[in-house]
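Please look over the sequence and the structure shown below. The paragraphs that follow go through some of its helices and strands in turn.

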Amino acid sequence: MAGVTTPPSDVKGELRAVEENSESTEKKDALIKHMDINVPEAEKRINGALNLHDFYTVYLIETKVTDPVWLKNQQGGTIVRLGSLWRRYTEFEILHNYLSSMYPYIVLPPLPEKRVLYSWQKVATDTFDPDFVDRRRAGLENFLLRIASHPILSFNQQFLAFLQQEHGWQPSAKEHGYFQQLAESTQKSMIGLRELDKRFEQVKNYSNELQGNMTNILRVRAVLAERLYGIHKLHANYGRIFSEWSAVEKDMGDGLQKAGHYLDSVAASIDTALEEEELLADQLKEYLFSAGALHTVCCRHEMLQFQVERAQDLVQQNVAKLERVQQGKTSFMSRIFGTVDTDELREERVSVLEQRIEEHKGSVTNTMEQRDTFSKAALLDIQRFQEQKVIDMRETFANYIMLQMKIARKGLQTWTHIRDCLESIN
């Protein structure tokens, strides 16, 4: 069996540093308390290399330090009071991957979707469509604000450089982080674990349920939006008929014509309403993707548990070898002819195995320490995630209800006008 993968020193340091962050996140500092971060606009650009028209979109990031005392205390002078630069979506992906590698125990805020998911027919799916770009711009701003609000992520030096340094901000971390390497080395071997942490099992099951619920809500919403759009647009036919009818009616003409205009407004009103609703759907999509991030944290804990059990297995295997060596029946000749090894050979092999056993015991202690430190940090961040989720969901659903009430009030007002127009007919 292969040896146990050992985390590199930088990951070890990050996990140990979590011990210093075990207090309630509500009491901690965060970058958002000292700096305003905005992504106010996006711009389509053309890459004319090799005479090919390759378009791409960049997003403007503006930062403003609102705490002069905090700014003064920053060492190195890398933080400026006002910052402004453009970033491509791929650069946001690099930042996301880096933070995922450096902070494997954190439920990392997700990036907005690259392609439209769970959409209704009239939603733009072209990645260069102005409406889609604007929604992605809002999503990228939310991504940065989520990180800036996190007590651990927000002060990462690469994140600060991403916000204010045009060049040279890219992290020096390896392309594949420790946990990615660990996943590659264990995915074929990790069939089952002897011991499962019930806390992480519950969180893992919950992440699947959360993802399923968000998926179902978004699917139902897409179907409902499609039907509402069709119903409202059909009212334009009423408007056209009433307008044409008014031309041949002497006494009823004015009332029919006015009613027709209001019916046209019924048809047109759904566009703005569903655009506003789409922004609320994006907030649900954030937690659809966050469910995946939650699941990933649980899988990383399983990887560490697998490392512990593999280290324990190595100890047991070498202990069994040691017992056979002490009986002098480990050499090829002894197994074939039933002879006993010489004292010198037996002592040499015993010494080697005893040294291996001690090394593997040390590996067990080390991997258990890494697992336990990871568990403590991950459970704290999962609790933070759950608390924030409740706040966000309550706000999203409340905004959805307020939007429906606004639509209903506007519709009631329009239909009241239509009634008045028809009642005015003599």
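In which hand, left or right, does α4 cross α8? The crossing of α4 past α8 is right-handed. The model is a predicted one, and in it helix α4 covers residues 130-149 while helix α8 covers residues 253-326. Their axes lie 11 Å apart and make an angle of about 45°. An angle of that kind is neither under 35 degrees nor in the range 65 to 115, and α4 and α8 are therefore oblique to each other. On the α4 side, the residues that take part are Arg 135, Asn 142 and Arg 146. They meet a group in α8 made up of Glu 278, Leu 279, Asp 282, Lys 285, Glu 286 and Tyr 287. By class, this contact of α4 with α8 has 6 charged residues, 2 nonpolar and 1 polar.

Helix α4 also packs against helix α3, which spans residues 89-102. The axes of α3 and α4 come within 12 Å and cross at roughly 30°. Because angles under 35 degrees count as roughly parallel, α3 is described as roughly parallel to α4. The hand of this crossing is left. From α3, the residues Tyr 89, Phe 92, Leu 95, His 96 and Leu 99 take part, and they meet Arg 136, Leu 140, Phe 143, Leu 144 and Ile 147 in α4. Here the contact of α3 with α4 divides into 8 nonpolar residues, 1 polar and 1 charged.

Helix α3 has a further partner in helix α5, residues 157-164. The two axes cross at roughly 170° and come within 10 Å. That angle makes α3 roughly antiparallel to α5. Glu 91, Phe 92, Leu 95 and Tyr 98 of α3 meet Gln 158, Phe 159 and Phe 162 of α5. Sorted by class, the residues of this contact are 5 nonpolar, 1 polar and 1 charged. Phe 92 and Leu 95 thus appear in the contact with α5 and also in the contact with α4.

The strands come next. Which strands pair with β3? Strand β1 (residues 35-38) runs antiparallel to strand β3 (residues 54-65) and is joined to it by 4 bridges. Within this region, Asn 38 stands opposite Glu 62 in β3. Strand β2 (residues 42-47) is also antiparallel to β3, with 6 bridges between them, and Lys 44 faces Thr 57 in β3. Strand β4 (residues 82-88) pairs with β3 over 7 bridges, again in the antiparallel sense. In that pair, Leu 60 has Trp 86 of β4 as its bridge partner.

Further along the chain, His 360 lies in helix α10, residues 343-423. Which residue lies 46 residues from His 360 in sequence and 6.6 Å from His 360 in space? That residue is Leu 314, the distance being taken C-alpha to C-alpha. Setting aside neighbours within four places in sequence, His 360 is in contact with Ala 311, Leu 314, Val 315 and Asn 318.

A last point concerns confidence. The average pLDDT of the protein chain is 84, and 81% of the residues score at least 70. Residues 22-26 have a pLDDT below 50, and this stretch has 7 contacts in the model beyond near neighbours in sequence. Where pLDDT is low, predicted coordinates should not be read in detail.

Definitions and conventions
Residues numbered from 1 in each chain as written. Predicted model: local features only at pLDDT ≥ 70, side-chain atom pairs only at ≥ 80, totals over all residues. Heavy atoms only, no water. Axes fitted to C-alpha atoms, helices over the stretch in contact; angles between N-to-C directions. Helix = DSSP H or I, 4+ residues; strand = E, 2+ residues; numbered from the N terminus. Parallel < 35°, antiparallel > 145°, perpendicular 65-115°, else oblique. Left-handed = near helix turned anticlockwise from the far one by under 90°. Contact = heavy atoms within 4.5 Å. Nonpolar A, V, L, I, M, F, W, Y, C, P; charged D, E, K, R; others polar. Pairing = 2+ DSSP bridges. pLDDT = per-residue confidence, 0-100.
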